[in-house]
Structures are given as C-alpha cells and as structure tokens.
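Thanks, everyone. I'll take a few minutes on one model, starting with a sheet and ending with the core.

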Amino acid sequence: QAQLVQSGGGLVQTGGSLRLSCTDSGQFFSSMNMGWYRQVPGKEREFVAAIDWSGNGKDYADSVQGRFTIFRNNGKKTGYLQMNNLQPEDTAVYHCATDSNWGRIIANPVYENLEFWGQGTLVTVSS
C-alpha cells in the first residue's frame, strides 16, 4: 500500500521560489505516473503538472508553464514540483497524487479517484 508524504511549501513573497516534494513509501513508485494539483477554498481542484512513470513525459497547466517544473527521482521514490516566480494567485493547498493511468492523471476536470494522494501542503504567496 503506497503512502504519499509531502514536504515543502510555506510562505513566500511574490517572485520567490519553493520546492514541493512527494515521497512514496510503497513499492511501485517507479511504475506510477504522478501529478500535482491545487485547490483554493470554495473552488474546484485544478491540475498543475504531471510526469509519467519514466520521467520523459510531462504536462503543465497553462498558468504555470515556464514557471513550474515537475521532475522525479525513482531511486528515491520521490517526485518534485519546483515553483519559481510565484504569484499571489498560486496560493493554494497543493496535493500530489499517483496513478497507473496517464489519462486519469491529466484529466480535466481533475479525476478525484486517483489511486493515491498526498496529505496536502499549503503554499502562500504574499504580495
């Protein structure tokens, strides 16, 4: 049974950077696709970025393209979201998730029944 544990996040000023991490305690991380999602209270969860199991396939929301980078280290069973040039509108709770199906990872609207979810971490960008 996989368990995704997130770290990173916090408070940063506009234009700053943060890195989120998502570590899998299970055995099958290297065969799982990973996605990052965010949610603001009162709004639907939105897709941020995704990376396939090999690390070669990536997808980004238009709103973060060029500012955020998703990558992974299968040996460490960890995925990352590097966030640069953060803006106040990036303020949200960020969740990582893994799923064996790429289509579910990048689904719009977000597919809520992904196989595994992290606990979430708050990112606050002050103006």
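Four strands form an open sheet here, in the order β1-β3-β8-β7, and the pairing is antiparallel. Bear in mind that this is a predicted model. Going from one strand to the next, the twist averages 15°. The edges are β1, residues 4-7, and β7; each has a single partner strand, so one side of each has no neighbour in the sheet.

Now to the β7 edge. β7 and β8 are antiparallel and share 6 bridges. Two positions to find on screen: I70 has L81 in β8 as its bridge partner, and F71 stands opposite Y80 in β8. The hairpin of these two strands has 4 residues between them, and there K77 takes a positive phi near 55°.

Which side chains of β7 are buried, and which are not? F68, I70 and R72 point to one face and are buried. T69, F71 and N73 point to the other face and are not. In a regular strand, side chains alternate between the two faces of the sheet.

Next, the core. The largest nonpolar core has 33 residues, and those touching the most other members are W36, V48, F68, L81, M83 and Y94. Among the elements giving it two or more residues are β3 (18-24), β7 (68-73) and β8 (78-83). The largest share, 5 residues, is from β5.

Last, M83. What does M83 contact, once neighbours within four places in sequence are left aside? The list is G16, S17, L18, L20, R67, F68, Y94 and V123. F68 and Y94 were also on the list of core residues that touch the most other members.

How values were computed. Residues are numbered from 1 along each chain as its sequence is written. This is a predicted model: local features need pLDDT of at least 70, side-chain atom pairs count only at pLDDT 80 or more; totals for chains, interfaces and linings use all residues. Side-chain values use heavy atoms; hydrogens and water are left out. A nonpolar core is a set of buried Ala, Val, Leu, Ile, Met, Phe, Trp, Tyr and Cys residues joined through side-chain atoms within 4.5 Å. Buried means under 20% relative accessible area, exposed over 50%, partly exposed in between (1.4 Å probe, protein chains only). Contact means heavy atoms within 4.5 Å. Two strands pair if DSSP finds at least two bridges between them. Axes are lines fitted to C-alpha atoms, for helices over the stretch in contact, and angles run from 0 to 180 degrees between N-to-C directions.
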